[in-house]
Amino acid sequence: MKHNFKNLKIWILAMDIAHDIHNISLDFPNNEVYGLTSQMKRASVSIPSNIAEGSNRENTHFKHFLNISLGSSFELQTQLLIVLQNNYITQEKTTEIENKIIEFQKMTTGFISKLE
C-alpha cells in the first residue's frame, strides 16, 4: 500500500519539529555551527525525509524508513536535552519541543504497528 506522505499526521508533525529546530538553532553560539547546530538540523530533517522516502514503498520497506525516522527523533531528543544542559534554550522551549518529539514517537510507533 502506497501512502501520500503530505497527508500523514506524522509527517506534518515532523515538519513542524524540523521548523522549530531550525528556529532555535539560529540563536546557538557560533562555535556550535559545526557541532550541535549541524547535528540537530540533520536529525530533524531526517525525520520527515525518511517518512517521505518510505511512503512510496511497500509496507515492509516503509516500516524500515519509519524506524530510521524514529531513531532520528530519539537522537534529536537527546541533542535537545544537551542544548538545554548548555543553557542555549529555556526549559519552557525545551519542554515544548520535547513534547512534540514524544508525541511523534508515540504516533509513529502506533503507525508502524498498524502497518504490520
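1. His-3 sits in the segment that comes before α1 (9–25) of this predicted model. Its relative accessible area is 17%, and His-3 is therefore classed as buried, the cut-off for that class being under 20%. Once the neighbours within four places in sequence are set aside, the residues in contact with His-3 are Leu-8, Ser-55, Asn-59, Phe-62, Phe-111 and Leu-115.

2. For helix α1, the length can be checked against expectation: its 17 residues, taken at 1.5 Å a residue, should span 24 Å, and the C-alpha atoms at its ends are indeed 24 Å apart, so the two values agree. The expected figure rests on 1.5 Å times one less than the number of residues, which is the step a reader may wish to retrace here.

3. Which residues of α1 are buried? They are Ile-10, Trp-11, Leu-13, Ala-14, Ile-17, Ala-18, Asp-20, Ile-21, Ile-24 and Ser-25. As a general point, an α-helix has 3.6 residues a turn, so residues three or four places apart point the same way. The cover over the buried residues of α1 includes α2 (36–54), α3 (59–85) and α4 (91–115).

4. Lys-100, a residue of helix α4, has a side chain that makes a polar contact with the side chain of Asp-20, at 2.6 Å. Asp-20 is itself listed among the buried residues of α1. Apart from neighbours within four places in sequence, Lys-100 is in contact with Leu-13, Asp-16, Ile-17 and Asp-20, and of these Leu-13 and Ile-17 also appear among the buried residues of α1.

5. The structure contains 3 aromatic pairs. One of them joins Phe-5 and Trp-11, with 5.1 Å from centre to centre and 70° between the planes, an edge-to-face arrangement. The two partners fall into separate classes of accessibility: Phe-5 counts as partly exposed because its relative accessibility is 25%, whereas Trp-11, with a relative accessible area of 15%, is buried.

6. The rings of Phe-28 and Tyr-88 form a further pair, which is tilted because the planes stand at 40° while the centres are 5.7 Å apart. This pair connects distant parts of the chain, since Phe-28 belongs to the loop between α1 and α2 and Tyr-88 to the loop between α3 and α4, 60 residues apart. Phe-28 counts as buried at 6% relative accessibility, and Tyr-88 counts as partly exposed at 21%.

7. What else does Phe-28 contact, leaving aside its neighbours within four places in sequence? Besides Tyr-88, the residues in contact with Phe-28 are Thr-37, Met-40, Val-83 and Ile-89. By contrast, His-64 lies 33 Å from Phe-28 in space, C-alpha to C-alpha, with their positions 36 residues apart in sequence.

8. Asn-87 deserves a separate remark, as its phi is near 60°, a positive value in a residue that is not glycine. Asn-87 lies in the loop between α3 and α4, which is also the loop that holds Tyr-88. At 66% relative accessibility, Asn-87 counts as exposed, the cut-off for that class being over 50%.

Note on methods
Residues are numbered from 1 along each chain as its sequence is written. This is a predicted model: local features need pLDDT of at least 70, side-chain atom pairs count only at pLDDT 80 or more; totals for chains, interfaces and linings use all residues. Side-chain values use heavy atoms; hydrogens and water are left out. Helices (H or I, at least four residues) and strands (E, at least two) are DSSP runs, numbered from the N terminus. Buried means under 20% relative accessible area, exposed over 50%, partly exposed in between (1.4 Å probe, protein chains only). Contact means heavy atoms within 4.5 Å. Rings of Phe, Tyr and Trp (its six-membered ring) pair if their centres lie within 6.5 Å; planes under 30 degrees apart count as stacked, over 60 as edge-to-face and the rest as tilted. A polar contact is a pair of N or O atoms within 3.5 Å; within protein, one must be able to donate a hydrogen and the other to accept it, and residues adjacent in sequence count only if both atoms are side-chain atoms.
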